[in-house]
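Hi,

Here is the structure I promised to pass on. Have a look at it first, and my notes come after.

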Amino acid sequence: MSTTAVEARKSSSGNVSKKPKSVANKAKTAASTKRGTKPASQANTKKNNAVKEEPDKTRPAKKRKVLKADPAVDNATEVKQEELVVDGGLKADDEDIHRWWEEDPNDHSVKWETLEHNGVIFPPPYEKLPDDVKLKYDGKKVDLPVEAEEVAGFYGAMINTDHAKNPVFQANFFGDFKEVLSTSGRALISGTSKFIEIESFDKCDFSDIFAYYEDQRNAKKALPPAVKKRLKQEKDEAEEKYKTCYLDGRKQPVGNFRVEPPGLFRGRGQHPKTGKLKARVQPEQVTLNIGKDVKIPEPPAGHNWSEVRHDNTVSWLAMWKENINGNTKYVFLSQSSSLKGMSDFKKFEKARELKNHVERIRNDYRKELTDEKMQVRQRATAMYLIDRLALRAGGEKGDDEADTVGCCSLRYEHVDLQPPNLVTFDFLGKDSIRYFQQVEVDEQVFTNLQIFKKEPKGPGDDIFDRLDPSILNKHLQSYMPGLTAKVFRTYNASHTMQKQLDQIPNVGTVAEKVVAFNAANREVAILCNHQRTVAKSHEQSVAKIEERVEELVWKKYRLKKMILQLDPEKPKVLGKSYFADTKAFNKTKLKAIHKRVVEREQEKVEKKFARDNEKIKADREAGEDVKLLTKDDLKERLKVVTNLKEELQKELDTGEFEIKSSQTCEKLEAQVAKLDDRILSTRLSLKDKQDNSTVALSTSKINYIDPRLSVMFSKKFEVPLEKLFTKTLREKFAWAIHSADKDWQF
DNA sequence: GGACGAACTTAGCACCTCCGCA
DNA sequence: TGCGGAGGTGCTAAGTTCGTCC
């Protein structure tokens, strides 16, 4: 990915102009969006599907149907026990494992027969600030009604964040804060009955509130480990019953069983509503979905649920509507549940099915690039971009959302054309992540894009004005049931990973193989434009590693100088090139390195001294009869530093090195070789760090790369799966771990 | 056939934990 | 052994897709 893309990310606004509504002059001849019945293969959900379930002993064992017809899952039926050695902690012979992925996937959109759960956990009620912690307005402390104080606290706790510095965030927060203030009472000058009107954000001083919450955070951090452990245990115990549910009698983990706490909406990019008050959700707003004839969880005392449903065609356990965008929030099962595993499995099988159609689809869209009908030509061009660049479909967005686009919603200003066939894409995609790519495209694609940008179109106009995702997807369904634009992303990601893995030679250490695996993963992440913010400390830590490399090279320089000092004839034996780097340092450079090395050594001694004294202090408090270290002790310890300083100065002045009598040329050469190894590995890790600084590998690993590829790699290359999948991922992908062998192919 | 909404997947960030290095 | 930082996890925003309604 280009550096430019990264830089632009920092200011997520990018340089992309917002589409003026006046030019929303679309002649979108959208085809019918009326859809037929869901294809069986897609609407493919079923009951009795748990991964690590605790079987309900009261129920008869479920009948297990083994698939034979579907070649895609043939591997699943042929797993040998000994191949399960790297199965992520799941016992190979575990009879408790419900192997739903080996069962008949025929389905009728029923997700469960019985469902039992304990509802959701609500966030704790607001705790008032201590009396001495107040918002200051115009320099005066003010008393706020408790409702308004809570909102002020939301902002006050985060004044050190980038969000809080965003003017839109501030304006939205302040607007809602004033509204809460007007409905809940008025602000008083603290300790008086005098009202004060809060009208200007700039006159608000949240620093006391911030300091209070910061203290709370630090106090929590500083708790003794035993207390932390106890608190965690208490929390776990209180939450235990919400963490699991029973789906068709099998115990399943629940995902987000906590209702989202109130706060300020943290919209990404230039979201017009960022900073608005996200209201506290009351039980009266929450709808539960649960099986019939089971105990309905009690709402919190004095409250009622909005509704209790028994809809077994959906997988959510609870839902409510949030107040900012009117979106529905759901409580689902956890990623490691059978229900989610099943839909993951189906997603990847769908992508694999595309293999059988992709050539035909490509041939067709290549032909259609010259179609007379504009809509067909646009569709073919969009298909080309989705297939080659892994773009998202790109649905239309409203004015009350951040201005981001995907393929179908690309606008004039997002695509720059440089003849003969170079296209520059520059737009903000999902999460306002900048997509910046220069690509050489087919001549006809280039010509088409020129046509789609022709006058009278200008900035703000859609490139694909005859197209939207529903038209595109409807066309795709004619090739394969359930095929949508999104499937191409999964297909291309997994296909790329397979190709990359095929190129890795099965040699070297486990660590080397993991590096190669991650490099393959990185190719996929780059394809999908998965980025992450460069850590604030990144530059600093890179500089630190660079210094470390420089010092290693300097150490090598000294060793080689010593060899020459011991035996000036050595270049004849080892070759002149061996000593070439003894000329790499001039006096200025050496001085700088010496200074750094001496300072660090001094710092180390002083830190150790302080630490030792702290320990002694603690021992004394515990009643031990020990004396604190004195300034003289420190002086004594610092002698090592003084000696080092003198030794280096002498080297600089005379060019002569102090060599211990026990040293020999052979020993020094061995040390040089060791340093070479260290320099190489440090440089490699630095490169890895820099290559990965802006690329997020996890998103593609979690969502796009068929996990069976990773399992195959683990087994074929004898790399423990723990090196590729975290514990959570091993749980999420239990189905893949149990169904892929070393020969599995996407 | 467009608007809207439900249901689900995909996504990055923030916080926490734990491991390796000095 | 203590500390910093990498890696892991939870949270929730932001997408896609598809069905319904008018």
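Below is what I found, going from the whole chain to the DNA and then to a few local spots.

First, a caveat: this is a predicted model, so please read everything here in that light.

**The chain as a whole**

Chain A is built with 23 helices and 17 strands. It has 746 residues, and 45% of them count as buried. If you take the contacts in chain A with a separation of 6 or more, 73% are between residues 24 or more positions apart.

**Around DNA strand C**

There are 34 residues around DNA strand C, and the ones that come nearest are Arg258, Lys329, Gly394, Lys397 and Lys689. Which part of the DNA do they face? Of the atoms of DNA strand C that come within 4 Å of the protein, 89% belong to sugar and phosphate.

The make-up of that surface by class is 17 charged, 13 polar and 4 nonpolar residues. Three helices each supply at least two residues to it: helix 12 (469-477), helix 13 (485-502) and helix 22 (727-732).

You may want to look at these phosphate contacts one by one:

- Lysine 397 uses its side chain: a polar atom there lies 2.4 Å from a phosphate oxygen of DNA strand C.
- Arginine 268 uses its backbone, with a polar atom 2.6 Å from a phosphate oxygen of DNA strand C.
- Lysine 486 also has a polar backbone atom by the DNA, 2.7 Å from a phosphate oxygen of strand C.

**A hairpin with a link to the DNA**

Strand 13 (residues 318-321) pairs with strand 14 (residues 328-331) in the antiparallel sense, over 4 bridges. Together they form a hairpin with 6 residues between the two strands. In the turn, glycine 326 has a positive phi of about 75 degrees. Tryptophan 320 has lysine 329 in strand 14 as its bridge partner, and Lys329 is one of the residues that come nearest to DNA strand C.

**The three-stranded sheet**

Further along there is an open sheet of 3 strands, in the order 15-16-17 and with antiparallel pairing. Strand 15 (415-418) and strand 17 (434-440) stand at the edges with a single partner strand each, so one side of each has no neighbour in the sheet. On average, neighbouring strands here are turned by 10 degrees against each other, direction ignored.

Strand 16 (residues 422-428) is joined to strand 17 by 7 bridges. One pair to click on is leucine 428, which stands opposite arginine 434 in strand 17.

Two helices lie across this sheet. Helix 10 (residues 374-389) covers strand 16 and strand 17, running at about 105 degrees to strand 17. Helix 11 (residues 443-452) lies across strand 15 and strand 16, at about 120 degrees to strand 15.

**Serine 409**

Is serine 409 buried or exposed? Its relative accessibility is 11%, so serine 409 counts as buried. You'll find it in the loop between helix 10 and strand 15. Leaving out residues up to four places away in sequence, serine 409 touches Gly394, Gly395 and Asp462. A polar atom of the serine 409 side chain lies 3.4 Å from the backbone oxygen of glycine 394. Gly394 brings us back to the DNA, as it is among the residues that come nearest to strand C.

Shout if anything looks odd when you open it up.

Cheers

Notes
Residues are numbered from 1 along each chain as its sequence is written. Chains are lettered from A and ligands numbered from 1 in the order in which they are written. This is a predicted model: local features need pLDDT of at least 70, side-chain atom pairs count only at pLDDT 80 or more; totals for chains, interfaces and linings use all residues. Side-chain values use heavy atoms; hydrogens and water are left out. A residue is near a molecule or strand if one of its heavy atoms lies within 4 Å of it. A polar contact is a pair of N or O atoms within 3.5 Å; within protein, one must be able to donate a hydrogen and the other to accept it, and residues adjacent in sequence count only if both atoms are side-chain atoms. Ala, Val, Leu, Ile, Met, Phe, Trp, Tyr, Cys and Pro count as nonpolar, Asp, Glu, Lys and Arg as charged, and the others, Gly among them, as polar. Two strands pair if DSSP finds at least two bridges between them. Axes are lines fitted to C-alpha atoms, for helices over the stretch in contact, and angles run from 0 to 180 degrees between N-to-C directions. Contact means heavy atoms within 4.5 Å. Buried means under 20% relative accessible area, exposed over 50%, partly exposed in between (1.4 Å probe, protein chains only).
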